[in-house]
Amino acid sequence: MQTEIYQAIHDRLCSQLPFLQYVDLQKGQFDEESAMAALPTPAALIEFKQIDWAGATAGGYYMGVAFIAIHLYQNPVNPDFNANDRKAESLMLLHRQDELFRALEKFSGNHFQPLIRTGETILSGTTFAGSCTEFKTTLYDAPADDHYVPITNYELQITN
């Protein structure tokens, strides 16, 4: 099921954000800034942060809540300080973050209900700038021996 969700988000990002040069699963590619030079940017990395399963429903379908983060990495436009260039760079970074939100907010697929943004964080380093936008969604999955039947208009809430 995660494969299908990843593929749906991957395809949506590629079709809605043509400026992206690289879209992949978050595997720590940018944990070391030295590795950034080897990867094309702008890049979007999809991370399954957490999935809380609530167990099976009366019909045997599994329900859960997933938290998915999209990390957007971009090279700074101009390494030299120029006030006008910095302003344009900042506006471009914010614009791309907004485009990512618009591409994924309320996007849904075969195993997940519409994505809802829950937070944003600015990412920065010496060789990159970017953002991390987090979404929450309700998941549903058929038992392994059953055929998939979508569940509609069902909101699962998990409290601690």
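**View 1. Aromatic rings in the chain.** How many aromatic pairs does a search of the whole structure find? Just one turns up in this predicted model. In general, a pair like that gets described by how far apart the ring centres lie and by the angle of the planes.

**View 2. Arginine 96, with a ring on one hand and a glutamine on the other.** Here the charged end of arginine 96 sits over the ring of phenylalanine 19, 4.4 Å from the ring centre. The side chain of arginine 96 also makes a polar contact of 3.0 Å with the side chain of glutamine 74. Glutamine 74 belongs to strand E3, which covers residues 62-74. Is glutamine 74 buried or exposed? Its relative accessible area is 2%, and anything under 20% counts as buried, so glutamine 74 is buried.

**View 3. Arginine 117 and its ring.** This close-up has another charge-over-ring arrangement: the charged end of arginine 117 sits over the ring of phenylalanine 101. The distance to the ring centre is 3.6 Å. As for the elements around here, helix H3 spans 83-104 and strand E4 spans 116-124.

**View 4. A cis bond ahead of proline 42.** Most peptide bonds are trans. The one from threonine 41 to proline 42, though, is cis, with omega near 5 degrees. Where does proline 42 sit? Look in the loop that links helix H2 (33-36) to strand E2 (43-56).

**View 5. Lysine 106 and its positive phi.** Most residues other than glycine have a negative phi. Lysine 106 has a positive one, near 70 degrees. Its spot is the loop between helix H3 (83-104) and strand E4 (116-124). With 60% relative accessibility against a cut-off of over 50%, lysine 106 counts as exposed.

**View 6. Two cysteines, and no disulfides anywhere.** A disulfide is a covalent bond between the sulfur atoms of two cysteines. How many does the structure hold? Zero. Cysteine 14 is partly exposed, because its 39% relative accessible area falls between the 20% and 50% limits. Cysteine 132 is buried, at 4% relative accessibility.

**View 7. Stepping back to the chain.** The protein chain has three helices and five strands, and from the N terminus on they run α-β-α-β-β-α-β-β. Of its 160 residues, 40% are buried. Among contacts with a separation of 6 or more, 58% come from residues 24 or more positions apart. The accessible surface adds up to about 9,100 Å², with 49% belonging to carbon and sulfur atoms.

Methods:
Residues numbered from 1 in each chain as written. Predicted model: local features only at pLDDT ≥ 70, side-chain atom pairs only at ≥ 80, totals over all residues. Heavy atoms only, no water. Helix = DSSP H or I, 4+ residues; strand = E, 2+ residues; numbered from the N terminus. Buried < 20%, exposed > 50% of the residue type's maximum accessible area, 1.4 Å probe, protein only. Polar contact = N/O pair within 3.5 Å; in protein donor to acceptor, adjacent residues only side chain to side chain. Disulfide = S-S within 2.5 Å. Phe/Tyr/Trp six-rings, centres within 6.5 Å; stacked < 30°, edge-to-face > 60°. Lys NZ or Arg CZ within 6 Å of the ring centre and 35° of its normal. Contact = heavy atoms within 4.5 Å. Areas by Shrake-Rupley, 256 points an atom, 1.4 Å probe, with all protein chains shown as cover.
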